[in-house]
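Good morning, everyone, and thank you for making the time. I would like to walk you through one structure today, slowly enough that someone who has never seen it can follow along on the screen.

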Amino acid sequence: MANRLNEEGVTNDLYQPWNSGTVRTVLTNEKYIGNDVYNQSSFKLKKLHVENPPEMWVRKEGAFEGIVPLEFFQTAQEIITARSARLSDEDLLHHLKRLYADAGQLSGDAGYALVIRISQPLRVSGAGL
């Protein structure tokens with residue numbers, strides 16, 4: 001998304017090119033759909049900064065005109081939530097076993113190619129993949 005905005009010559013509110021961080025801010029901050037949200041955090045003198053739970057937030061929906069359509073924002077929230085879901089060890093192993101069975105190899109990419117070819121069944125807690 002950032003690349004597309006930059007290719008089209010659209011700058012952010014600071015007249016800077018877009019990056020993944022600025023796009024994420026727009027897609028996670030309700031002010032871009034027109035809501036004003038207060039009390040998301042608290043700070044008292046000589047005390048630590050505290051993030052308040054959502055039920056303590058004060059929200060004024062439609063406080064001003066948003067620049068992101070509500071449906072687009074909600075879809076982004078669903079995608080972000082799904083991508084941040086954490087699997088249990090058991091679920092992760094289940095998915096990896098299925099992937100290995102389908103592809104015959106497991107591969108990871110952290111900016112470079114790393115391929116793990118498995119010539120023998122893996123053993124995890126005494127169980128083979």
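Let me begin with helix α2, whose buried residues pack against α1, spanning 2–7, and against α3. The residues I have in mind are Val23, Val26 and Leu27, which are buried in α2. Because these three cover an arc of only 95° around the axis, they sit on the same side of α2. Please keep in mind throughout that this is a predicted model, and that what I quote has been computed from it.

Those residues of α2 belong to a wider group, so where do we find the rest of it? The largest nonpolar core has ten residues, and alongside Val23, Val26 and Leu27 they are Ala2, Trp18, Tyr32, Ile33, Val68, Phe73 and Ala76. Two elements, α2 at 20–28 and α3, give two or more residues each to this core, and the largest share, three residues, comes from α2. As a piece of background, nonpolar side chains in soluble globular proteins tend to be buried together.

Two members of the core deserve a closer look, and I will take Ile33 before Tyr32. Ile33 is placed in the loop between α2 and β1, and it counts as buried because its relative accessibility is 17%, where the limit is under 20%. If we set aside neighbours within four places in sequence, Ile33 is in contact with Gly66, Val68, Pro69, Leu70 and Phe73. How far apart in space are Ile33 and Ile67, C-alpha to C-alpha? The answer is 6.0 Å, although the two are 34 residues apart in sequence. Tyr32, with residues up to four places away again not counted, touches Thr25, Val26, Gly66, Ile67 and Val68.

Stepping back to the whole protein for a moment, there are four helices and eight strands, and from the N terminus on they run α-α-β-β-β-β-α-α-β-β-β-β. Of the contacts with a separation of 6 or more, 42% are between residues 24 or more positions apart. Buried residues make up 16% of the 129 residues, while the protein exposes about 10,800 Å², of which carbon and sulfur atoms supply 54%.

Turning now to charged side chains, the count comes to two salt bridges. In one, Glu30 meets Arg59 at 2.7 Å, N to O. Since Glu30 lies in the loop between α2 and β1, and Arg59 in strand β4, residues 58–60, this pair ties together parts that are 29 residues apart in sequence. Glu30 is buried, with a relative accessible area of 18%, whereas Arg59 is partly exposed at 37%. In the other, Glu8 pairs with Arg4, and their closest N and O atoms are 3.3 Å apart. Here Glu8 is exposed, with a relative accessible area of 53%, and Arg4 is exposed as well, at 59%.

I will finish on the surface, where Leu87, Leu92, Leu96 and Leu99 make a nonpolar patch of about 330 Å². Leu87 is found in the loop between α3, residues 70–83, and α4, residues 89–103, and with a relative accessible area of 47% this leucine is partly exposed. So, to leave you with two places to look at again, there is the ten-residue core to which α2 gives three residues, and there is the leucine patch on the surface. Thank you, and I am happy to go back to any of these views.

Conventions. Residues are numbered from 1 along each chain as its sequence is written. This is a predicted model: local features need pLDDT of at least 70, side-chain atom pairs count only at pLDDT 80 or more; totals for chains, interfaces and linings use all residues. Side-chain values use heavy atoms; hydrogens and water are left out. Patches are made of residues with over 30% relative accessible area and no salt bridge: like charges are joined within 9 Å, nonpolar side chains (Val, Leu, Ile, Met, Phe, Trp, Tyr) within 5 Å. Accessible areas come from the Shrake-Rupley method with a 1.4 Å probe; for residues, only the protein chains shown count as cover. A salt bridge is a side-chain nitrogen of Lys or Arg within 4 Å of a carboxyl oxygen of Asp or Glu. Buried means under 20% relative accessible area, exposed over 50%, partly exposed in between (1.4 Å probe, protein chains only). A nonpolar core is a set of buried Ala, Val, Leu, Ile, Met, Phe, Trp, Tyr and Cys residues joined through side-chain atoms within 4.5 Å. Contact means heavy atoms within 4.5 Å. The arc is that of the directions from the helix axis to the C-beta atoms.
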